[in-house]
Amino acid sequence: MNAFTCAVHEADPSALHARRIDTLMVNVGLRCDQACGHCHQSSSPDRTEVMSRDVMDAVARVADQVRPALVDITGGAPELNPDIGHLIGTVRGGGHAVRLRTNLTALLSAEATGLITYLAKNEVAILASVPMTPEAEVAAGRGPVFDRCLTALRLLAEAGFGSRPGPRLDIAVNPTQDAGPISQREIEAHFREELTGVRGITFDSVLVITNVPVGRYRESLRRGSNLDSYLRELREAFNPETLTHLSCRTCIEIAWDGTLWDCDFNLGHGVGLAPGMPSHVSEFDTSVLANRPVRFAEHCFACTALAGSG
Ligand code: SF4
C-alpha cells in the first residue's frame, strides 16, 4: 500500500471509494499552444492526441445516462480540438451544464475564431488558468503570455462572462513553479486587486490548484533534484479534512481515446482505474463506477495539502 493510501486508510477509510458521479471530466486532447512547466499532461504544440466525434458522441450518451451536475472539458487546450463545438453542442443539447477549462491564450488562436461568442450563446462556464504574475512567467521562461491572457479575459468580459446574467468565469491559479502550496486567501486577494481593482475585469472566484508532481512538472522537479523535497512538503501539509471533497470521489474522467480514469492527474501519470472496473466509455456502468475504489498514488498528496486542491 502506498503512503497516500495508508494515510487515507488511517484518517477515513470511507474515502478510499468514490461516493457518486457529479462531474464528467472530459479530456479532448493534449495539443496545446503552450508548454507550461507545471503541466501534468506534458501538453504542447507537438502533441497529436485528439478526441474524435465518435468518442464525443459516446460521452454525450454517458452524460444522458449519468445526468451529472457538470460536464467539465479539459485538455491540452480544448479549443484546439477541431470538433470542440460538436461536443459542446451535443452535450448542451442534452440539457447538461458544461464548463470549459482554458489557458486563455488558446482562445486567441485561429482555430478558436468565433468560439467565445459560441460559448457565451451556449452558456458554457469558463475556468481560466492565469499565471501568478508576469515576473513569474519570465522566471519560468514561458514568454510574455500574461498580456495575451488579459486580452482574452477582456474579450470574455465583453461577451458577458463573469458578471450576471452572463456565464460564470472562474480563475484557476497554479502557484509559481517550485513553490509549495499557498493559501487561497492570499492569492484571491492578489487577483481581485490585479484583475478587478487595476483592470476592471470581473470574475466569480479564484481556485488555487497545487502543482501536482506528474508529467512535465515531475520531470522538471526531478531534473532540479527537488522532487523528494516537494513530495515531503506535500505530505507534511496533509489535511484529513479535505478527504470528503476529493474530486475523484464525485467525478470520473473520459480521455480523448474513450478510456476511463479517476481524474486528470491519474491520466497524466498513467494510473488506471482499479482492476475489474469498466475501462472504456463504451462499457460505462454508472452503478459500478459511482462507488468504485479510487486508485491513489503519492502525487495525491497534492490534493490534500492545506485547504485541498484537485
Ligand atoms: S490525484 Fe486524483 S485520485 Fe489522487 S486524490 Fe487527487 S483527484 Fe483523487
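**β5, side chains**

I started on β5 in this predicted model and looked at which way its side chains face. Leu169, Ile171 and Val173 point to one face and are buried. Asp170 and Ala172 point to the other face and are not buried. That fits the usual picture: in a regular strand the side chains alternate between the two faces of the sheet.

**β5, neighbours**

Next I asked which strands pair with β5. On one hand there is β4 (residues 125-129), which runs parallel to β5 and is joined to it by four bridges. I noted one residue pair here: alanine 128 has isoleucine 171 in β5 as its bridge partner. On the other hand there is β6, also paired with β5 in the parallel sense, over four bridges. For that pairing I wrote down aspartate 170, whose bridge partner in β6 is serine 205.

I then checked what lies over these strands. Helix α7 (residues 184-197) lies across β5 (169-173) and β6. Its direction is at about 135 degrees to β6.

**The whole sheet**

In what order do the strands of the sheet come? I read off β6-β5-β4-β3-β2-β1-β7-β8, an open sheet of eight strands with mixed pairing. β6 (205-208) and β8 (260-261) stand at the edges with a single partner strand each, so one side of each has no neighbour in the sheet.

At the β8 end I looked up the partner, strand β7 (residues 251-254). The two pair in the antiparallel sense, over two bridges. Isoleucine 254 has leucine 260 in β8 as its bridge partner.

**Proline 165**

Going back along the chain from β5, I stopped at proline 165, which sits in the loop between α6 (146-158) and β5. Buried or exposed? Proline 165 is exposed, because I find just 6 other C-beta atoms within 10 Å, and the cut-off for exposed is 12 or fewer. I also took a distance to glutamate 123, 42 residues away in sequence: the C-alpha atoms are 9.9 Å apart.

**Leucine 87**

For contrast I picked leucine 87, in helix α3 (residues 84-93). Leucine 87 is buried, because 24 other C-beta atoms lie within 10 Å, and buried takes 20 or more. What does leucine 87 touch, leaving out residues up to four places away in sequence? I listed Val28, Met56, Val59 and Ile73. Aspartate 57 is 30 residues from leucine 87 along the chain, yet their C-alpha atoms are separated by 7.4 Å.

**Ligand**

I counted 13 residues around the ligand. Those that come nearest are Cys248, Cys263, Phe265, Cys300 and Cys303. By class, the shell has eight nonpolar, four polar and one charged residues.

**Overall**

Last, I noted the figures for the protein as a whole. There are 11 helices and eight strands. The radius of gyration is 19 Å, close to the 19 Å from the globule rule for 310 residues, so the protein is as compact as a globular protein of that length. Along the principal axes, the C-alpha atoms fill a box of roughly 50 × 45 × 35 Å. Of the 310 residues, 44% are buried. I also looked at contacts with a separation of 6 or more: 75% of them are between residues 24 or more positions apart.

Methods
Residues numbered from 1 in each chain as written. Predicted model: local features only at pLDDT ≥ 70, side-chain atom pairs only at ≥ 80, totals over all residues. Rg over C-alpha atoms; globule rule 2.2 N^0.38 Å. Contact = placed C-beta atoms within 7 Å. Pairing = 2+ DSSP bridges. Axes fitted to C-alpha atoms, helices over the stretch in contact; angles between N-to-C directions. Near = placed C-beta within 6 Å. Nonpolar A, V, L, I, M, F, W, Y, C, P; charged D, E, K, R; others polar.
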